[in-house]
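Q: I am new to this structure and would like to be taken through it. Could we begin with how the chains meet?

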Amino acid sequence: MSDIGKSASMSVGDYIRDSQIWKSIFRHPAPYDRRNRVVVMLTNFFLHLHPVSIKQQGIALSYTWCMGGVTFFLFLVEAITGVLLMFYYRPTLEWAFNDILALRDVTTLGIMREIHRWGAHAMVITVWLHMYRVFLTGSYKPPREFNWVVGVILLKLTLLLSFTGYLLPWDQLAIWAITVGSNMARATPVLGHEGPGFQFLNLGGYDLITNASDARFLLLGSRFVGEETLNRFYILHCVAIPLVVSGLIAIHFWRVRKDGGISQPL
Amino acid sequence: MAEQKLSTAEILAKLRASKPSASAEAPAAPTAETVSAEASAVPAVEAPATKPGSPADVLAAIRAQAAAKGSSAPDAKPAAPKPGATSDILAAIRAGKGGAAASEASASAPKATPAKSVAAAPSGAPKPSVEEMLKAVRGGAASVAPIGEPSKPVLPPLPVKPVAAKDKKVAIERRSFVAICFSPLVIAFGSMAATSLLWVLDLARFMFPNVLVEPPTKFKIGSLSDYPLGTVSTKWLAARGIWIVHTDQYKGKNLIYALASVCTHLGCTPNWLEGEQKYKCPCHGSGFYVTGINFEGPAPRPLERVGIRVAPDGMLEVDKSVKFQEEMGQWQDPNSFVDATLA
């Protein structure tokens, strides 16, 4: 009996791997020796940021805590669950609260909403722990000072993501938390209509900074936390801030490699 | 060449001199005649060789010599059958073929490396060990300098360095300021910078909305008789965010005024507690009297009044666009209250 589907000389796997389709997708075979592994790592889009080899003691858990990696993992979890939640959430006064309830009670795998919420809390905790670890190990010293600055900006953006996302369920907790939080912006020096110095921005007798044109107004999109605020925070939370964060994360990782590797040079 | 450094031939000659019993007859004769022959043969033969005079060469020569004297066969055989190394040829020369062997060997244009000759050493002769041979070389050539440096290959003459082109001094005048300002580079980058700046400013303005969807700031709330003395009305609390207060406890005057339902601590909505006759904020516990004066909790100042008046049609009209703060003395402003005794 002949082996149907199999040639005498190669297995099915080999047949697939020799096909034109496979070769057009995967430009290199799986690594089979040290030199080939280097080639694959250097020419693969997804792998090229990694070093080809790394010192084992450099990634010791007791030293790095792996909090940076965990934070990045949580960011990916948040991004994916967030996109999925967007399919069943409408940022309007009429629907916001009800859609969140529906996600919890009616939608299949609506557990995404809980994962998203818990992941957000966890991400804030891990990003603080990461910052703490970097400080304790002195990994902010030259040549890594700029990477520390990038990290601080990422911290602020993480907290802003939490702040804007908190409003989206549109429940009492959300509305009042954002009201109280944004009221602080009224008191901004010069730019807040209840803060010191707003009188300086005055053109020909007209105050430029009023309760409809100050920093708080810019943040909320209106004079109180209402529908415009919900829309504005939705866009900030889902699009604007994630774009900036993605770019900064890329720079952050790049600088880790270029400034001397994680813990020590390779 | 023979004078400057010791060629292979000279080293071997010295070896022979130190070992007269081993190789007296055969190479002795051609030594003298081959010196001149070698002078011509060596350049022709050594030119293509890799390293004449290297230890491998010497060893090979010694082995060839040992084989030459060991076997009775003509010594040209080790070299003639195949193109041997320089040392082979030299050994063949010394073995007695003289000029004939030299021409024969040189005509064959050897290309093999010395290693080949080492490997091609006749197997019949007992091969002296490397240490022995080196000792012989060193011992016999005590006065001899170590293996001379490889002979310098003859190089073609260096090309003549071309004379660099002289910088032609082009007379260029100083560019005028206007010429720089309107140069393409400045125009291009300048316009890009200006456009970018304008775009950033426009972006800032873009983020301030021009249309606000808010409840109306001026609205009528009914007649004075709707709000009896000693009451706090929550009728408009949900829709408009105000309490209508009719009290005589503020400085003994019988007044109707509207309080904004915004806690002066951080902005939550206090609750009017009818039983306790006070406003109590659920967020942090700020407490206000019925008149709106704060008395407990973190609130730093009294609740704010909003504008109120009696409209021409006799109805009460509230204007939320103006506010009055008691601690600044603004509660004396007649726009902030309605004198109920005049109703």
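A: First, a definition: two residues are in contact if their C-beta atoms, placed from the backbone, lie within 7 Å. This is a predicted model, in which local features need pLDDT of at least 70, side-chain atom pairs count only at pLDDT 80 or more, and totals for chains, interfaces and linings use all residues. Residues are numbered from 1 along each chain as its sequence is written, while chains are lettered from A and ligands numbered from 1 in the order in which they are written.

Q: How many residues does the contact take from each chain?

A: Chain B gives nine residues to the contact and chain A gives 12 residues. On the side of chain B that touches chain A, seven are nonpolar, one is polar and one is charged. Here Ala, Val, Leu, Ile, Met, Phe, Trp, Tyr, Cys and Pro count as nonpolar, Asp, Glu, Lys and Arg as charged, and the others, Gly among them, as polar.

Q: Switching to chain A, how many helices and strands are there?

A: Chain A has 11 helices and two strands. Helices (H or I, at least four residues) and strands (E, at least two) are DSSP runs, numbered from the N terminus. Along the sequence, the order in chain A is α-α-α-α-α-α-α-α-α-β-β-α-α.

Q: Which elements of chain A have the lowest and highest mean pLDDT?

A: Strand β2 (residues 206-207) of chain A has the lowest, 82, and helix α8 (residues 145-167) of chain A the highest, 97. pLDDT is the predictor's confidence in each residue, from 0 to 100. The average for chain A is 90, and 96% of the residues score at least 70.

Q: Now chain B: what do β9(B) and β10(B) form?

A: They form a hairpin with five residues between them, and Gly314(B) in the turn has a positive phi of about 90°. β9(B) (residues 305-310) also pairs with strand β4 (residues 253-260) of chain B, in the antiparallel sense over two bridges. Two strands pair if DSSP finds at least two bridges between them.

Q: And which residue stands opposite Ile308(B)?

A: That is Val318(B), in β10(B).

Q: What does Ala258(B) touch?

A: Leaving out residues up to four places away in sequence, Ala258(B) touches Ile242(B), Trp243(B), Ile244(B), Arg305(B), Val306(B), Ile308(B) and Val318(B).
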